[in-house]
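Please look over the structure shown here. The report that goes with it follows directly after.

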Amino acid sequence: PFAALTGYDEAVIETARLTDSKLELDEYTKEELNRKLNFLRENIDNLSETSITYFVPDKKKAGGKYVTKKGYIKKIREFESDVVFDDDTEVLIDDILYIESSLFVEIE
């Protein structure tokens with residue numbers, strides 16, 4: 001009988017869909033991310049492929065999910081507080097959880 005209600009099935013599926021909470025980073029992790037971002041900024045012309053894991057807020061409900069973007073960084077904008085990949089994907093610095101690059105072997 002509930003199937004006759006328009007949108008009922010979609011509402012049930014949406015309610016059941018799980019989202020993650022954004023993690024609060026400790027000071028050590030924030031410092032490490034800042035160090036890596038500064039290194040990337042200083043070496044922007046010599047970058048290899050970089051992988052960034054970041055939080056994407058859900059558009060319909062509280063929470064979101066963590067995704068990983070791999071590619072080449074085109075620029076790191078301080079004023080906008082984001083990282084821009086060569087395909088124009090923009091990642092807010094405050095949403096970054098983890099950064100990985102083969103260049104970090106030199107600084108670790």
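The sections below go from the overall fold to the sheet, the hairpins, two single residues and the largest pocket.

## Overall fold

This is a predicted model. The chain has 108 residues, and buried residues make up 28% of them. It holds 2 helices and 6 strands. Along the sequence, the pattern reads α-α-β-β-β-β-β-β. The helices are thus written ahead of the strands in that pattern.

Contacts across the sequence can be put as a share. Take the contacts between residues at least 6 apart in sequence. Of these, 55% join residues at least 24 apart.

## The three-stranded sheet

Three strands make an open sheet in the order β2-β1-β6, and the pairing is antiparallel. The edge strands are β2, residues 64-71, and β6. Each of these edge strands pairs on one side only. From one strand to the next, the twist averages 20°. Helix α2 packs on the sheet and touches β1 and β6. The direction of α2 makes about 45° with that of β6.

In the order β2-β1-β6, strand β1 sits between the other two. Strand β1 covers residues 50-57 and pairs with β2 over 8 bridges, in the antiparallel sense. The pairing of β1 with β6 is also antiparallel, over 5 bridges. Is β1 mostly covered or mostly open? Strand β1 is mostly covered, with 6 of its 8 residues buried.

## Register between the strands

Several bridge partners fix how β1 lies against β2. S51 has K70 as its bridge partner in β2. I52 is matched with K69 in β2. P57 has G64 as its bridge partner in β2. On the β6 side, T53 stands opposite Y98.

## Two hairpins

Strands β1 and β2 form a hairpin, with 6 residues between them. In the turn, G63 has a positive phi of about 95°.

A second hairpin is formed by β3 and β4, with 4 residues between them. Its turn includes S81, which has a positive phi of about 55°. Strand β3 spans residues 73-77 and strand β4 spans residues 82-85. The two run antiparallel and are joined by 4 bridges. Within this pair, I76 has V83 as its bridge partner in β4.

## S51, a residue of β1

S51 lies in strand β1. Is S51 buried or exposed? The relative accessible area of S51 is 12%, so S51 counts as buried, the limit being under 20%.

Which residues does S51 touch, leaving aside neighbours within four places in sequence? The contacts of S51 are T68, K69, K70, Y98, I99 and E100. One of these, K70, is also the bridge partner of S51 in β2.

## R41, a residue of α2

R41 is found in helix α2. Its relative accessibility is 27%. Buried means under 20% and exposed means over 50%, so R41 counts as partly exposed.

Leaving out residues up to four places away in sequence, R41 touches I76 and E78. R41 and I76 are 35 residues apart in sequence. In space, the C-alpha to C-alpha distance between R41 and I76 is 6.3 Å. I76 itself bridges to V83 in β4. The contact between R41 and I76 therefore links helix α2 to a residue of the β3-β4 pair, where contact means heavy atoms within 4.5 Å.

## The largest pocket

The largest pocket has a volume of about 250 Å³. It is lined by 14 residues, and the closest to its centre are L25, K30, I93, D94 and I96. By class, the lining has 8 nonpolar, 1 polar and 5 charged residues.

Which elements each supply at least two residues of the lining? They are α2, residues 27-42, and β6, residues 96-101. Helix α2 gives the most, with 4 residues. Both elements also appear in the sheet packing, where α2 touches β6.

How values were computed: Residues are numbered from 1 along each chain as its sequence is written. This is a predicted model: local features need pLDDT of at least 70, side-chain atom pairs count only at pLDDT 80 or more; totals for chains, interfaces and linings use all residues. Side-chain values use heavy atoms; hydrogens and water are left out. On a 1 Å grid over the protein atoms alone, a cavity is a set of points where a 1.4 Å probe fits but cannot get out, and a pocket is an open set with protein on both sides within 12 Å along at least five of seven lines; lining residues have an atom within 4 Å of a point. Grid points are joined across faces, edges and corners, and a volume is the space filled by probe spheres set on the points. Ala, Val, Leu, Ile, Met, Phe, Trp, Tyr, Cys and Pro count as nonpolar, Asp, Glu, Lys and Arg as charged, and the others, Gly among them, as polar. Two strands pair if DSSP finds at least two bridges between them. Axes are lines fitted to C-alpha atoms, for helices over the stretch in contact, and angles run from 0 to 180 degrees between N-to-C directions. Buried means under 20% relative accessible area, exposed over 50%, partly exposed in between (1.4 Å probe, protein chains only).
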